[in-house]
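Q: Could you show me how to read a structure one feature at a time, starting from a single residue and ending with open space?

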Amino acid sequence: MTKFLTITNYIKEIIQDTIYEQHVYAVGGSVRDLLMKRPIKDIDIVIDMENGGVDFAHFCNEKGLLTHEPVIFERYGVASFSFNEFPYDNIECVMTRGEKYPDRNSRNPETVFASIEDDCIRRDLTINALYYNITTGEIVDMVGGQNDIENKIIRTTNENPDIVFDDDPLRVLRVVRFATRYGWEIESKTYESMKRY
């Protein structure tokens, strides 16, 4: 937890008085684990600007802040890098995005820039759709993830779980993994949809 806050505070200093201020968020598992006071392994960053992840990685590299050139995955708009200050901590950075799965036999979605709200809804579970505003230190929760952590419930981000599992049926196994890891209850609509998929 301390490492998470140290790294996010470092990023906060980097983005102060730049175009990235108020646009950079830690997201997903690191925020969930922060709230649950669990060890944080990886920090994923989203930036609510078109091509934000890749552009931010180049911005940091041009300032000489990275251990090496960022690794770019163009198809997904993802950049992977480590800061000189934290050489053993890998950061994945991406723009807020929407996804479509046009090929039913592939887990490779088409990605497009989207609002932070759309980025949230495309995620699998409410507990993984929590955002930490690096500028303000506030938690942004659009789907009740904090309540679900408090009440020990696993549920999909979408009111219609079929949409979540139809996009990627492997998400069913992710639900099972989280439910068994934490010993939490799977919300009824989510569970019924899992049985269908």
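A: Let us start with contacts: in this predicted model, T135 touches K12, I15, E21 and Q22, once its neighbours within four places in sequence are left aside.

Q: Where is T135 placed, and which backbone atom does its side chain reach?

A: T135 sits in the loop that runs between β8 (130-133) and β9 (139-141), and its side chain reaches the backbone nitrogen of Q22 at a distance of 2.8 Å.

Q: Does T135 count as buried or exposed?

A: Buried means under 20% relative accessible area, so T135, with a relative accessibility of 12%, counts as buried.

Q: How do I read a helix in this way, and which residues of helix α3 are buried?

A: In helix α3, which spans residues 52-62, the buried residues are G52, G53, V54, F56, A57, F59 and C60. These buried residues pack against α1 (2-15) and against the strands β2 (43-47), β3 (71-73), β4 (78-81) and β5 (91-95). After α3 comes G64, which has a positive phi, near 75°.

Q: How is empty space found, and how much of it lies in the largest pocket?

A: A probe the size of a water molecule is rolled over the atoms, and this shows where empty space is left. Here the largest pocket holds about 1200 Å³ of space, and of the 40 residues that line this pocket, G28, G29, D44, R123 and R174 lie nearest its centre.

Q: Which element gives the largest share of that lining, and how do its residues divide by class?

A: The largest share, six residues, comes from α7, while by class the lining has 16 nonpolar, six polar and 18 charged residues.

How values were computed. Residues numbered from 1 in each chain as written. Predicted model: local features only at pLDDT ≥ 70, side-chain atom pairs only at ≥ 80, totals over all residues. Heavy atoms only, no water. Buried < 20%, exposed > 50% of the residue type's maximum accessible area, 1.4 Å probe, protein only. Helix = DSSP H or I, 4+ residues; strand = E, 2+ residues; numbered from the N terminus. Contact = heavy atoms within 4.5 Å. 1 Å grid on protein atoms, 1.4 Å probe; cavity = no way out; pocket = protein on both sides within 12 Å on 5 of 7 lines; lining within 4 Å. Points joined across faces, edges and corners; volume = space filled by probe spheres on them. Nonpolar A, V, L, I, M, F, W, Y, C, P; charged D, E, K, R; others polar. Polar contact = N/O pair within 3.5 Å; in protein donor to acceptor, adjacent residues only side chain to side chain.
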